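I opened this one to look up a few things before going back to the bench. My notes follow in the order I checked them.

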Amino acid sequence: MSVIKVAILGFGTVGEGFYRTIQSHAEELTAVLGKKVEVAAILIKNKQKKRDISKDVLVTTEFAEILNLPQLDVVVEAIVDKDPTYIFLKKAIERGCHIITANKEMFAHYGEELLELAKKHHVSVGYEATVAGGIPVIQTLRQLLNVNRVQQVQGILNGTSNFILTEMREKKLSFAQALRAAQEKGFAEANPTNDVEGFDAFYKAMILSRLAFGEEPNWHSVERMGITSITSELIHTAERLGLRFKHIASIKKLSHQLKASVKPVLVGNEHPLYHVEGVQNAVNISSDIVGQITLQGPGAGMFPTASAVIEDLVYVCQNRPESQGILSSSETNTAIQEQGQQEETWLIVGLQKNAIDPSIKEIEHVEDETWVAKAKKEEIEELARKHQDLLYFQIIGAFEIEQKPTKIAL
Ligand SMILES: NC(=O)c1ccc[n+]([C@@H]2O[C@H](COP(=O)([O-])OP(=O)(O)OC[C@H]3O[C@@H](n4cnc5c(N)ncnc54)[C@H](OP(=O)(O)O)[C@@H]3O)[C@@H](O)[C@H]2O)c1
């Protein structure tokens, strides 16, 4: 029986999980591929670490040794940082290997180049594990894109932030206490900036955007905000209104542009992302034929991520041409029609009654200095410019204030 030879770059949580899954699911792999899968080599950084790797596998710190193997079919990358990873994958494609990556930061920066290069060399690229861990969102979008036209993608893409927001609400913890709990459970790094400031979710959103819409918004135009400004008081005010804070990445196609944001927003209990709690991730896709679908599941961890990588292994070995599932922006023409900027619903905190701007016509008092308003984003931003300590959060989905607060006469 012929053999598929695989190299794994990185032997941390993801690399080791994939290695172990190849062994535990060897039979299934052989049945579906008609070939045996063998790990030929593993790239690591620190030779001193003890690892449970078969002695038949080349373990090396030199990528050149891997590239020079007599047979190499697939290179699976599970390293951190974007450099030198990009160069490793470029060389692997040029050698004629299919590539699979779990590295969102690298793929958000260099994905387009790698996909183009792969097309030229007639090899495939798997990147399921870059977004939402074990949830097969990339494959779902690839399938949907065959005929459906995607209009909007909204997702909870960072399990650490979602865990912190859930802990703050359920256990009445401060942000600092919830972050510490996340670190103790291994859900957050010692330096949590990438997660809590929204960078990780931003990279994932850009990868989804390219796949769903054939293009990315200008990165500088994307509103990116993490969860560090969310206090327990805010969470409990929201709860009294029947709302929950969720850190949501949203990309939608308007007539002339893509509109994307990665920020904390408020959702009511009818929204599909309201019940997504703890380290779970979820992605809600709106498209013209199917309507709305929501995928939910584990966004990280050894075996959920190994699941994404191993399914990618099957995908690339079946060698789907790289153009599949990547539409040019002109092809995704079911844009949501936008007539000027639309009014949205906002929770405004830190605004005194006598400071309400007459340009905001619909505003209702909730409690103390907290209000719910219907207004255009630019009107709220203008208000925030005048009142430095003002905080405002968009409420997405249907929202009714259950106990109707007093309406303020303006
Ligand atoms: N952890 C998850 O649940 C998860 C989920 C989805 C995606 N990802 C992504 O997957 C990637 C890997 O994550 P991870 O959690 O597995 O990381 P990790 O546990 O820190 O492991 C990283 C591995 O990469 C190796 N490495 C780092 N720099 C290297 C270099 N320059 N050359 C060779 N090897 C190098 C390390 O070698 P040593 O062992 O010698 O130190 C280690 O084995 C990241 O891009 C991450 O964002 C992770």
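These entries cover the sheet, a helix pair, the ligand site and two backbone oddities.

**Entry 1: the sheet.** I am working from a predicted model. I began with the strand order. Six strands form an open sheet, ordered 3-2-1-4-5-6, and the pairing is parallel. I then asked which strands stand at the edges. They are strand 3 (58-60) and strand 6 (125-126). Each has a single partner strand, so one side of each is left without a neighbour in the sheet.

I looked next at one pair inside that order. Strand 1 (residues 3-9) runs parallel to strand 4 (residues 74-77), and four bridges join them. I picked out I8 and found its bridge partner in strand 4 to be V76.

**Entry 2: helix 12.** I checked what this helix lies across. Helix 12 crosses over strand 1, strand 2 (36-43), strand 4, strand 5 (98-101) and strand 6. It runs at about 160 degrees to strand 5.

I then turned to its contact with helix 1. The axes of helix 1 (residues 13-24) and helix 12 (residues 302-317) come within 8 Å and cross at roughly 65 degrees. The crossing is right-handed. On the helix 1 side, the contact residues are T13, V14, E16, G17, F18, R20, T21 and I22. Helix 12 contributes M302, F303, T305, A306, V309, I310 and L313. I sorted this contact by class: nine residues are nonpolar, four polar and two charged.

**Entry 3: the ligand.** How many residues surround the ligand? I get 21, and the closest are F11, N46, K49, R51 and G301. I noted three polar distances to ligand oxygen.

- R51 has a side-chain N or O atom 2.8 Å from a ligand oxygen atom.
- I79 has a polar backbone atom 2.8 Å from a ligand oxygen atom.
- T13 has a backbone N or O atom 3.0 Å from a ligand oxygen atom.

T13 was already in my notes, as one of the helix 1 residues that contact helix 12.

**Entry 4: backbone oddities.** I kept one rule in mind here. Most residues other than glycine have a negative phi, and most peptide bonds are trans.

Where does P84 lie? I found P84 in the loop between strand 4 and helix 4 (85-94). The peptide bond from D83 to P84 is cis, with omega near 5 degrees.

H122 was my last stop. Its phi is near 55 degrees, a positive value in a residue other than glycine. H122 sits in the loop between helix 5 (104-120) and strand 6. Strand 6 is one of the edge strands from my first entry.

Key:
Residues numbered from 1 in each chain as written. Predicted model: local features only at pLDDT ≥ 70, side-chain atom pairs only at ≥ 80, totals over all residues. Heavy atoms only, no water. Axes fitted to C-alpha atoms, helices over the stretch in contact; angles between N-to-C directions. Helix = DSSP H or I, 4+ residues; strand = E, 2+ residues; numbered from the N terminus. Left-handed = near helix turned anticlockwise from the far one by under 90°. Contact = heavy atoms within 4.5 Å. Nonpolar A, V, L, I, M, F, W, Y, C, P; charged D, E, K, R; others polar. Pairing = 2+ DSSP bridges. Near = heavy atom within 4 Å. Polar contact = N/O pair within 3.5 Å; in protein donor to acceptor, adjacent residues only side chain to side chain.
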